[in-house]
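Biologist: Please take one helix and the sheet beside it, and go through that part closely, with the cut-offs stated as you go.

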Amino acid sequence: MAVDLDPHPTSVVASVRRKSDGVESEVDWGDVSPEELVDAATPWRTFRWYHGQKHYSGAYWSSTERALVIYESRLELARLLLADFDRSVRRILAQPFLLEADVAGARRRHVPDYLLMSDDGPVVVDVKPARRLAKPQVALTFAWTRLVVESRGWRYQIASEPAEPELNNVRFLAGYRRDWLFDDDLLAGLRSVDLHGATLGEAVRCLPGQPEPVVRSAVLHLLWRHHFTVDLSKTLTSRTVLGMRS
């Protein structure tokens with residue numbers, strides 16, 4: 001997105017808050033490694049709940065992190081859900097660091113919303129409603145942040161409203177993300193059955209010796225785990241056709 005001011009950043013530094021004691025440390029952006037950020041970082045801001053607040057804040061138990069990850073809006077929660085569902089994402093950190101840089105004649109600061117450590121490298125994510133992306137200050141902030149992030153060969157992503165059918169499906173499947181709730185033998189039995197091309201309704205009846213509600217929950221857990229694949233652009237029903245992960 002074009003901005004009126006030159007967004008080229010100089011004198012870039014990153015600050016993190018240590019998990020152990022909350023002490024802030026500052027490093028040159030060109031020197032910090034993603035592993036250092038993951039090991040050291042705790043969320044930069046402390047958010048609070050209060051009557052009449054405009055944003056919906058909370059903490060989501062991530063199956064990727066096996067811990068709570070914070071969010072400060074429903075839109076951030078949506079991106080968090082999608083990251084948790086993404087098998088290429090190995091770590092999810094909220095508000096991982098503070099960036100400071102000289103940009104357009106002023107010292108500017110920005111805390112990205114998420115850092116995702118993926119199989120393809122680090123991904124820095126900012127979350128913002130689409131209607132606000134054209135605002136000059138938002139556009140400038142995201143422009144110089146993109147330059148900073150991509151200067152390291154990392155990816156930068158601006159996340160706005162996701163497609164509703166996909167988000168609704170992932171939100172539904174997230175109810176089955178806790179692996180300790182499922183019997184290993186039952187999951188192994190489902191994995192041993194060739195269900196490629198079967199419908200979801202047929203899959204929940206494929207083990208006649210087991211109660212259907214239990215099998216249904218296990219099938220949905222395996223969908224969350226990507227053992228089975230489905231077209232997430234359409235609402236899940238008993239007629240949804242299953243594929244198998246290659």
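Modeller: Contact here means heavy atoms within 4.5 Å. The model is a predicted one, in which local features need pLDDT of at least 70 and side-chain atom pairs count only at pLDDT 80 or more, while totals for chains, interfaces and linings use all residues. Residues are numbered from 1 along each chain as its sequence is written, and side-chain values use heavy atoms, with hydrogens and water left out.

Helices (H or I, at least four residues) and strands (E, at least two) are DSSP runs, numbered from the N terminus. The buried residues of helix H3, where buried means under 20% relative accessible area with a 1.4 Å probe and protein chains only, are Val138, Ala139, Leu140, Thr141, Phe142, Ala143, Trp144, Thr145, Val148 and Val149. Their cover includes strands E1 (10-17), E6 (98-103) and E7 (106-110), together with E9 and E10. For the 15 residues of H3, 1.5 Å a residue, times one less than their number, should give a span of 21 Å, and the end C-alpha atoms are 21 Å apart, which agrees.

The sheet is open, with four strands in the order E5-E8-E9-E10 and mixed pairing, two strands being paired if DSSP finds at least two bridges between them. E5 (89-94) and E10 (155-159) stand at its edges with a single partner strand each, so one side of each is left without a neighbour in the sheet. Neighbouring strands are turned by 25° against each other on average, direction ignored. H3 (residues 136-150) packs on this sheet, touching E9 (121-127) and E10, and its direction makes about 150° with that of E10.

Methods:
Axes are lines fitted to C-alpha atoms, for helices over the stretch in contact, and angles run from 0 to 180 degrees between N-to-C directions. Buried means under 20% relative accessible area, exposed over 50%, partly exposed in between (1.4 Å probe, protein chains only).
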